[in-house]
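Open the model in a viewer and follow the stops below in order. Each stop says what to select and what is there.

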Amino acid sequence: MFVFVTGVCVLVAYIVSIKFVYCRYRQLWPHMWDKISNPLHTGANKQFSPTQERSDVHLLNSEEKVRTRSTGIRALLVTAHPDDECMFFAPTVLKLVESKVDVHLLCLSTGNYNNQGPQRRKELLGSCTVLGIPSHNVTITDNKELPDDPTVQWSTALISSLILKHIKNYTISLVLTFDGRGVSGHANHTVIYKALSHLASSGRLPLGCQVFSLHTISILRKYLSVFELPVSWLLPSDLCCIIGWEEYKRAKKAMLCHHSQLVWFRRLYILFSRYMVMNTFQAVAVETKNVKMY
Ligand SMILES: [Zn+2]
């Protein structure tokens, strides 16, 4: 009986802590976004820890806040396959769209692994519409050198060049992608991180352009859904995007647009994946030493 009562108390306390963390993350979003949207306040060396109060935010006067919020931010999400955008990044896209950010998507393949490229292209456009990315902001690369195949090593140089061209063409100031472990370890995911880190470290990105990589979490944490939130709260990150029930329903709707991929375990993923409710990112250090000023 004692063990049972203790177990119930621990469970209740854990559920309360989830609610607390969720509310704190939601409260912190405007402060976090102020910092992200103003490159003068950002940098890889200024790591954000959600459990620490960000005192410098309160130093911004109202004029500065208006200026930072009215800045037209263009964000670029770089993915490898149709469905990456909602499967791994839905909370981020929804939060950015909600914050009036002009979100662009660069998907580096048509997802033609099972010769379903044309269908998957349509599914991707449907998913983006649900998430709030207009179709004219979606670019799907169809390059024979970039097949949807984990056994084929994509050229880092080619990807770097495609991403850089996109950043310059659309005046992108915020780039988001996978980290070095690519969430699922897929080679097509990890190579994007390599290409972006190369661009960032070689000083080839435009001045003020920031890069964030999505944290890959362990498989246990990955399938705990909202029960994982207290763990993320205790770990440092530079950007956290968390969504509520209504936004989750949109993320789910976007996932359901990918009819060709709706196998049974994908449905379980929608129910249990923590990436469906929350994303945490790390800033990638950006060198600007070689950038020319005109
Ligand atoms: Zn993928």
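Select Pro236 to begin; this is a predicted model. Is Pro236 exposed or partly exposed? Pro236 counts as partly exposed because 13 other C-beta atoms lie within 10 Å, and a residue is called exposed only at 12 or fewer. Pro236 sits in the loop that connects helix H10 (229-234) with strand E6 (239-242). Now add Phe281, which is 45 residues away along the chain; its C-alpha atom and that of Pro236 are separated by 9.3 Å.

Zoom out to the whole chain. The protein chain has 12 helices and seven strands. Of its 294 residues, 39% are buried. Among contacts between residues at least 6 apart in sequence, 82% join residues at least 24 apart.

**The sheet**

Select the seven strands. They form an open sheet in the order E3-E2-E1-E4-E5-E7-E6, with mixed pairing. Which strands stand at the edges? Strand E3 (138-140) and E6 do; each has a single partner strand, so one side of each is left without a neighbour in the sheet. On average, neighbouring strands of this sheet are turned by 20 degrees against each other, direction ignored.

Next, pick strand E4 (residues 174-178) and strand E5 (residues 210-214). These two run parallel and are joined by five bridges. Within this pair, Leu176 stands opposite Phe212 of E5.

Bring in the helices that lie on the sheet. H5 packs there, touching strand E2 (102-107) and E3, and its direction makes about 160 degrees with that of E3. H8 lies across strand E1 (74-79), E4, E5 and strand E7 (278-284). Relative to E4, H8 runs at about 145 degrees.

**The nonpolar core**

The largest nonpolar core has 72 residues. To find those that touch the most other members, select Ala75, Leu77, Ala90, Val93, Val175, Ile192 and Leu196. Helix H8 (residues 187-201) gives the most to this core, with seven residues.

Centre on Ala75. Leaving aside residues up to four places away in sequence, Ala75 touches Leu96, Val101, Val103, His104, Ile172, Leu174 and Leu176.

**Helix H4**

Select residues 90-98, which make up helix H4. Seven of its nine residues are buried, so H4 is largely enclosed by the rest of the structure. The buried residues are Ala90, Pro91, Thr92, Val93, Leu94, Lys95 and Leu96. Just after H4, check the backbone of Lys100, where phi is positive at about 65 degrees.

**Helix H11**

The last stop is helix H11 (residues 245-256). Its end C-alpha atoms are 16 Å apart, which agrees with the 16 Å expected for 12 residues at 1.5 Å a residue. Which residues of H11 are buried? Glu247, Ala251, Ala254 and Met255 are. Look down the axis of H11: these buried residues fall within an arc of 100 degrees, so they line one face of the helix. Trp245, Glu246 and Lys249, on the other side of H11, are exposed.

To see what the buried residues of H11 pack against, show helix H3 (84-87), H4, helix H5 (117-131) and helix H12 (264-272). Two of these, H4 and H5, also appear at earlier stops: H4 as the helix largely enclosed by the rest of the structure, and H5 as a helix that packs on the sheet.

Notes: Residues numbered from 1 in each chain as written. Predicted model: local features only at pLDDT ≥ 70, side-chain atom pairs only at ≥ 80, totals over all residues. Helix = DSSP H or I, 4+ residues; strand = E, 2+ residues; numbered from the N terminus. Buried ≥ 20, exposed ≤ 12 C-beta atoms within 10 Å, placed from the backbone. Contact = placed C-beta atoms within 7 Å. Core = buried A, V, L, I, M, F, W, Y, C linked by C-beta atoms within 7 Å. Expected span 1.5 Å × (residues − 1). Arc of directions from axis to C-beta. Pairing = 2+ DSSP bridges. Axes fitted to C-alpha atoms, helices over the stretch in contact; angles between N-to-C directions.
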